Amino acid sequence: MSAPTQQNSTNSTTTPAGQLRRILEMERSKGFDDRAVIGGLDSFLKRWSGPAQQALSDAAERRAFKALFADATYATWDKPARQAWVEAALAWLDQKGTADRSEGKAPPRVSPPPASAKRHKDNVPHLPPPISHLSLDSPLSAFAGVGPALAARFAKLGVTSVRDLLFFFPHRHLDYSQTKPIAQLEADKEQTVVATVWESRAVRLGRQFGAETVLGDETGNIRAVWFNQPYLAKKLPGGARVVLSGRVSIFKGMKQFDSPEWELLDDQTGQTAAQAQSLVHTGRLVPIYPLTQGLTVKRVRLLVKETVDRWSGEVQDFLPGPIRERQHLLALPQAIQQAHYPDSLETKEAARKRLAFNELFTLQLGLLSRKWKWQESQPGQPLPSRPDILNRFLTSLPFALTPAQDRVLKEVLADMTRTKPMSRLLQGEVGSGKTVVATAALVIAAANGFQGALMAPTEILAEQHMATLRRLLSALGDGVEEENGVWGFPGLLPRPLNIALLSGNVKASGKRGLHNLLRDGKIDVVVGTHALIQKDVEFDRLGLTVVDEQHRFGVRQRWELRQKGFNPHVLVMTATPIPRTLALTLYGDLDISVIDQLPPGRQEIKTRWLGPDKRQAAYGFLRKQIAEGSQAFIICPLIEESEAIEARAATAEYERLRRTVFPDLKLGLLHGRMSGPDKDDVMRRFRNGELHILVSTPVVEVGIDVPNATVMFVEAADRFGLSQLHQFRGRVGRGDKASYCILLAENPSPEARERLAIIEKVRDGFQLADEDLRLRGPGEFFGVRQSGTPELRMARLSDVGLLETARQEARDLFAGDPGLAKPEHQPLVGEMARLWRDSGEGS
């Protein structure tokens, strides 16, 4: 462009640059929905970029301009990629406008790399030195060489800024650090050599063309081949010094490298010719990063390496110095560097320890902060236990509480008597009697003149809880149904105890009536789904909130329900046995109670795993059970790649079973792509006995109570963990009939065989949860990240000692500065705010 004057700066909306700025700012304000200009941004840029590009005199600048503007395909990108591109374009305009106004000359060349900049073989340019207007929170596309397409690919991996890339850690490293003479190379091992290229040529390798290189050192020669990469013959000329890292195999009795990683060495300095820096792909611990379509491992390594080298030093170390010294932790910039490109296995582990400590410490501090806000900053309402009413309820039950139930009920009621509002997690297997404990607590709340709310994750579970409450409360007298579906139960209070169900299935007129009764205090206990946290639901005096299956809700929904009352007591229930480490990590803001004992008379479910040759026999057994009046579940395989693929596979299996295996029976289908009402309708029909078999994806894991179901048949059982299989098993055996769990596995691995053998023998859910954590690791345990808490990237749930240490350090710091108001803690406050904001939850 010609040198602009003050009148045609980028701040003017009459210039082309000003027009673009106005459109981009409007696009940002509209949430990047491509509606800022008629016809979309792509259409506008095609018209705008041609004249603007021609006005640039420098060829390199024109190429960079073309990559940023002319080659944009904005309409095809998702919102993170659109946002990254818009911010990069505005940054370009900012730089241009500043230069124009201050010096009256053409814009500086900030977007393209210098004309002399070398490009690596993956066509990734060197990033220019950091520019003053860039920061850790700048979008990746603000850098030269990171165009919209590359930024969009990183956005799919959750990486949109410089900071994101610094914390985009590899999931493992290849150890190419130890170089060997060629004569000492061993077959079937990952090894590294430094050698001289004698000859390179393009050759046919089977049905493909590839490259073949012969290399040597003072101890001997070796052949290296690369399949489908014949161009490498020109990249590795004779006489070049090269580092090779990879697996050595035996071919026709001779050792050879198969598709090894490689880097050229500069003969004078021993450094890579491409970078004049340290090795990236060979001769060291080499990182392996998660990838997505269009991203190569080399491209990611190079970009991360340059970003870490230039920007890791800008990261502020928020951890207080005394804690860092006490725990012997690396400084944060050093930990980031060593996590990506470690100097040794020792520094790699030291980096992981520091970064894992960060995650666990900030998580625990955030949970403590939230618990403090709930309990200390705003007192709760003490609810005395009322032994007379409690004994009247317990003695009316047709069974006695187990010792575990009795212990847990005492813990809950003791919490409720305090001015600090209860925050307690109640763990107990399916059938352990959690609902009885919750009902007793709700009765005590009502006896003290307060309302209670029980929230379930699905309509069908809410209906089940309502039915259970009616059954438990009717022991002293039959309930009477009043207006709007409210049921009144005599015998416990001086007046009837009123309970109601509020769910999405209630008609609008009924909802209005229930809302009015809740607001006026005429309902003592309300059972519902997410409908309970809607804005138009108001309580008169909410004193106790019970949340079932916490990990299906997440923190935000629990917080919203809590805001319906004056800091009510909160009891969270889950039927998923959770190892102590995981419970402390996910529910660090809750005290924990465990019902570790099943009531007497509970059916023991006979569990067997079978090979594919027993499939027809298993079908025959299932048919026999149905002929005797029972019902059955069939669980379709877990397909991790896509819920849509999983749904299609389940639909196909349902059709096969319905047409060819059980044509005379009534089958239903349940999968995660169905709407909520459709799911509820199918589960309701199954519960009411209208269906013989329910074919389902793993969505049934936390599901309905069907006492008549006696068979759980799990396809591809080797794909599931022990805890999930135990959850499936818990869906049957709810009645008085003998029940069975059949696990079919086509070709299980040795590890899967071990899991299946364990589930056959072990009945205790907590023992199975510990085994699952040991065998499969934390990443594959159920929803390791609770909705509303920061993500764990480096911490392992096997880090019991580190977790306890981080938890204690967080407690000590919080005890001395509950509001984190001290000046030395302000960097920590900033990091906490960023982490919990990114997780979708304020601390």
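A residue counts as buried when its relative accessible area is under 20%, as exposed when it is over 50%, and as partly exposed in between (1.4 Å probe, protein chains only). Keep that scale in mind for the views that follow. This is a predicted model, where local features need pLDDT of at least 70 and side-chain atom pairs count only at pLDDT 80 or more, while totals for chains, interfaces and linings use all residues. Residues are numbered from 1 along each chain as its sequence is written, and side-chain values use heavy atoms, with hydrogens and water left out.

**View 1. Here is the whole chain, with 27 helices and 23 strands.** Helices (H or I, at least four residues) and strands (E, at least two) are DSSP runs, numbered from the N terminus. The chain has 843 residues, and 55% of them count as buried. A contact means heavy atoms within 4.5 Å. Look at contacts between residues at least 6 apart in sequence: 71% of these join residues at least 24 apart. About 36,300 Å² of the chain is exposed, with 49% of that supplied by carbon and sulfur atoms; such areas come from the Shrake-Rupley method with a 1.4 Å probe, and for residues only the protein chains shown count as cover.

**View 2. Arginine 615 and glutamate 746 make a salt bridge.** That term means a side-chain nitrogen of Lys or Arg within 4 Å of a carboxyl oxygen of Asp or Glu. Here the closest N and O atoms are 3.1 Å apart. The two residues sit 131 residues apart and link distant parts of the chain: arginine 615 belongs to helix α20 (residues 615-627), and glutamate 746 to the loop between β23 (740-744) and α24 (750-761). Is arginine 615 buried or exposed? Its relative accessibility is 15%, so it counts as buried. Glutamate 746, at 48%, counts as partly exposed.

**View 3. Aspartate 664 pairs up with arginine 623 in another of the 35 salt bridges.** The closest N and O atoms are 2.9 Å apart. Aspartate 664 is in the loop between α21 (643-661) and β20 (667-670), whereas arginine 623 is in helix α20, 41 residues apart. Aspartate 664 is exposed, at 52% relative accessible area, and arginine 623 is partly exposed, at 30%.

**View 4. Aspartate 317 holds a salt bridge with arginine 354.** Their closest N and O atoms are 2.8 Å apart. Find aspartate 317 in the loop between α8 (297-311) and α9 (321-326), and arginine 354 in helix α11 (residues 345-375). Arginine 354 is buried, with a relative accessible area of 0%, while aspartate 317 is partly exposed at 21%.

**View 5. Six strands line up in an open sheet with parallel pairing.** Two strands pair if DSSP finds at least two bridges between them. The order is β18-β23-β22-β19-β21-β20, and the edge strands, β18 (606-610) and β20, each pair on one side only. Neighbouring strands are turned by 15 degrees against each other on average, direction ignored. Axes are lines fitted to C-alpha atoms, for helices over the stretch in contact, and angles run from 0 to 180 degrees between N-to-C directions.

**View 6. Two helices meet the sheet, and one of them is α23 (residues 722-729).** Helix α23 lies across β18, β19 (631-635), β22 (709-714) and β23, running at about 150 degrees to β22. Helix α24 packs on the sheet too, touching β18 and β23, and its direction makes about 155 degrees with that of β18. Five bridges join the parallel strands β18 and β23; lysine 606 has tyrosine 740 in β23 as its bridge partner.
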